[in-house]
Amino acid sequence: MRRFLLLLFLLLPALAAPRLVVEPEDGVKPLLDLIASAKEEVLVKMYLWTPSRLDVVEALGEAVARGVKVRVLLEREPSGGRVDLSVYQALKDRGVEVRLTTPFRFVFVHEKSLVVDRKLAWVGTMNLTGSSFSANREYALLLDDPRQVAEVVQVFEADWEGRRLDLSKALLVWAPSRTLGGVKEGNARETLLALIRGAKREVFLEHQAMADPEVVAALKEALAKGIRVRLVGSPQEPGDTYFLAGAEELSQAGAELRFLPDPYVHAKALVVDGEVALLGSLNLSANSLNANRELAVRFTRQEAPEAFARLLSVMERDFQAGLRENPFALPPLAETIPWQEAPKHFGRIATVEGVIQQVEDRGTVAFLRFGTGESDLRLVVFPKSYALFRQPFPQSYLGKKVRARGRIVLYAGYYEIVLEDPSALEVLDGSP
């Protein structure tokens with residue numbers, strides 16, 4: 001009997017080892033499969049959810065139809081705007097109980113998690129958008145450790161009700177790192193800094209942001225001690241202060257910096273000494289660490305050998321594929337490229353060619369779309385320029401083969417070229 005108990009004890013870490021999902025390679029199927037496995041309950045907490053992910057809405061609706069209780073907590077004002085009402089209503093129409101986050105509790109509820117039957121928890125870096133599963137570098141961990149899953153549920157319930165929760169003894173990594181009214185609401189900053197300051201050989205990061213002064217300072221201290229620091233990311237614009245400024249400061253201090261044009265790095269992953277990792281929604285910014293609700297998982301190579309090995313392999317591949325120069329500083333492309341190749345040249349001025357398959361005028365902005373997917377390249381025109389283009393605008397461009405020139409940028413997960421002058425848009429013919 002003692003031998004059996006010892007064997008069971010040794011097996012428990014392997015049984016509870018988190019599994020890794022990598023995007024865009026794995027697609028949305030792992031998430032849909034997880035929802036499909038629910039028998040009693042699904043809890044979702046999400047920052048950004050766009051209409052391109054109505055497949056997840058449908059999956060939750062199917063769960064409700066088979067008797068599963070589904071609750072969704074959505075950030076009230078993601079990206080400085082408002083929750084997408086079409087997604088909100090679609091969830092309500094399918095019997096999902098939906099709430100918006102309590103105002104003023106956090107700057108943003110930026111956590112991206114899903115719990116099934118209080119047994120499995122999805123903890124990711126990705127929002128529920130098209131680009132998250134098709135164009136971005138994203139990661140998620142699927143947790144089955146009962147204590148970790150219970151903690152995700154406990155915080156969900158507190159945030160659902162808008163109440164404070166003491167996380168001073170948390171197993172997972174939570175933000176905000178602050179104490180209010182005697183309640184310690186998170187441990188993210190101290191966990192992150194302890195990992196960096198405890199490094200002996202290397203700190204390896206794949207991150208969307210590098211904007212927290214204390215984190216940048218800790219990485220520079222590591223460099224000064226002879227520790228290797230590697231960083232791979234994707235700047236958003238020429239004057240980007242969210243990633244580029246901090247990344248270049250580290251580069252000047254001796255860090256090895258790589259820019260990945262495709263896929264776009266929306267990841268938030270850190271590996272120290274090839275032995276311990278931190279992965280989740282946590283960005284390296286003051287807002288994320290101090291004021292947002294965030295969730296990340298700290299795990300070791302020993303605890304999750306398969307997940308750890310895959311994470312490190314993908315990060316290494318991205319680093320090797322990355323550019324040594326900021327893509328926004330590269331010269332314009334001389335040749336014309338098919339619009340499908342735009343993500344590979346993110347940050348550069350390029351001439352793209354293709355057929356406009358969809359047009360949309362929202363009043364505040366118009367879109368000319370080359371494809372029907374959310375991450376497909378779109379041309380953007382603002383109202384002040386409408387009168388300069390062919391009339392009626394934008395309908396006159398529908399179905400036309402065009403050639404457009406401008407800088408390929410990303411906005412809220414969308415690849416786009418902003419057009420301010422009609423000379424940047426040439427109609428080649430009217431047939432596909």
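In this predicted model, Glu-206 has Val-232 of strand 12 as its bridge partner. The two strands involved, strand 11 (residues 202-207) and strand 12, run parallel and are joined by 5 bridges. Between them the chain passes through helix 8 (residues 213-224), and this β-α-β crossover is right-handed.

Strand 12 also pairs with strand 13 (residues 256-259), again in the parallel sense, over 4 bridges. Here Arg-230 stands opposite Glu-256 of strand 13. The connection from strand 12 to strand 13 goes through helix 9 (residues 244-252), in a β-α-β crossover that is right-handed. Strand 12 covers residues 228-233, and 5 of its 6 residues are buried, so the strand is largely enclosed by the rest of the structure. In a regular strand, side chains alternate between the two faces of the sheet.

Arg-230 has a further role in the description, as it lies over the face of Phe-319, at 4.8 Å from the ring centre. A second arginine is placed in a similar way: the charged end of Arg-71 sits over the ring of Trp-160, 5.1 Å from the ring centre.

Trp-160 leads to the aromatic pairs, of which a search of the whole structure finds 12. The rings of Trp-160 and Phe-156 have centres 5.6 Å apart and planes at 20°; the pair is stacked because planes under 30 degrees apart count as such. Phe-156 and Trp-160 are 4 residues apart in helix 6, and are therefore separated by about one helical turn. Both residues are buried. The pair formed by Phe-389 and Phe-393 has ring centres 5.4 Å apart, but its planes are at 35°, so this pair is tilted. Phe-389 is buried, with a relative accessible area of 4%, and Phe-393 also counts as buried, at 9%. Elsewhere, ring pairs link Tyr-264, Phe-328, Phe-346 and Tyr-415 into a cluster.

Ser-396 is found in the loop between strand 22 (378-381) and strand 23 (401-407). With a relative accessible area of 14%, Ser-396 is buried, because the cut-off is 20%. Leaving aside residues up to four places away in sequence, Ser-396 touches Arg-390 and Gln-391.

The nonpolar cores come next. In soluble globular proteins, nonpolar side chains tend to be buried together. The largest nonpolar core has 43 residues, and Tyr-139, Phe-299 and Leu-311 touch the most other members. Several elements give two or more residues to this core, among them strand 1 (19-23), strand 7 (136-143), helix 6 (146-161), strand 17 (294-300) and helix 11 (305-321). Apart from residues up to four places away in sequence, the contacts of Phe-299 are Leu-141, Glu-275, Val-276, Ala-277, Leu-279, Ala-304, Ala-307, Phe-308 and Leu-311.

A second, separate core holds 35 residues, including Ala-188, Leu-195, Val-215 and Ala-218. Ala-188 and Leu-195 are also among the buried residues of helix 7, together with Arg-189, Thr-191, Leu-192, Leu-193 and Ile-196. Helix 7 spans residues 188-197; because 7 of its 10 residues are buried, the helix is largely enclosed by the rest of the structure.

Technical notes: Residues are numbered from 1 along each chain as its sequence is written. This is a predicted model: local features need pLDDT of at least 70, side-chain atom pairs count only at pLDDT 80 or more; totals for chains, interfaces and linings use all residues. Side-chain values use heavy atoms; hydrogens and water are left out. Buried means under 20% relative accessible area, exposed over 50%, partly exposed in between (1.4 Å probe, protein chains only). Contact means heavy atoms within 4.5 Å. A nonpolar core is a set of buried Ala, Val, Leu, Ile, Met, Phe, Trp, Tyr and Cys residues joined through side-chain atoms within 4.5 Å. Rings of Phe, Tyr and Trp (its six-membered ring) pair if their centres lie within 6.5 Å; planes under 30 degrees apart count as stacked, over 60 as edge-to-face and the rest as tilted. A charge sits over a ring if NZ of Lys or CZ of Arg is within 6 Å of the ring centre and within 35 degrees of the ring normal. Two strands pair if DSSP finds at least two bridges between them. A crossover is right-handed if, with the strands pointing away from the viewer, the path from the first strand over the helix to the second runs clockwise.
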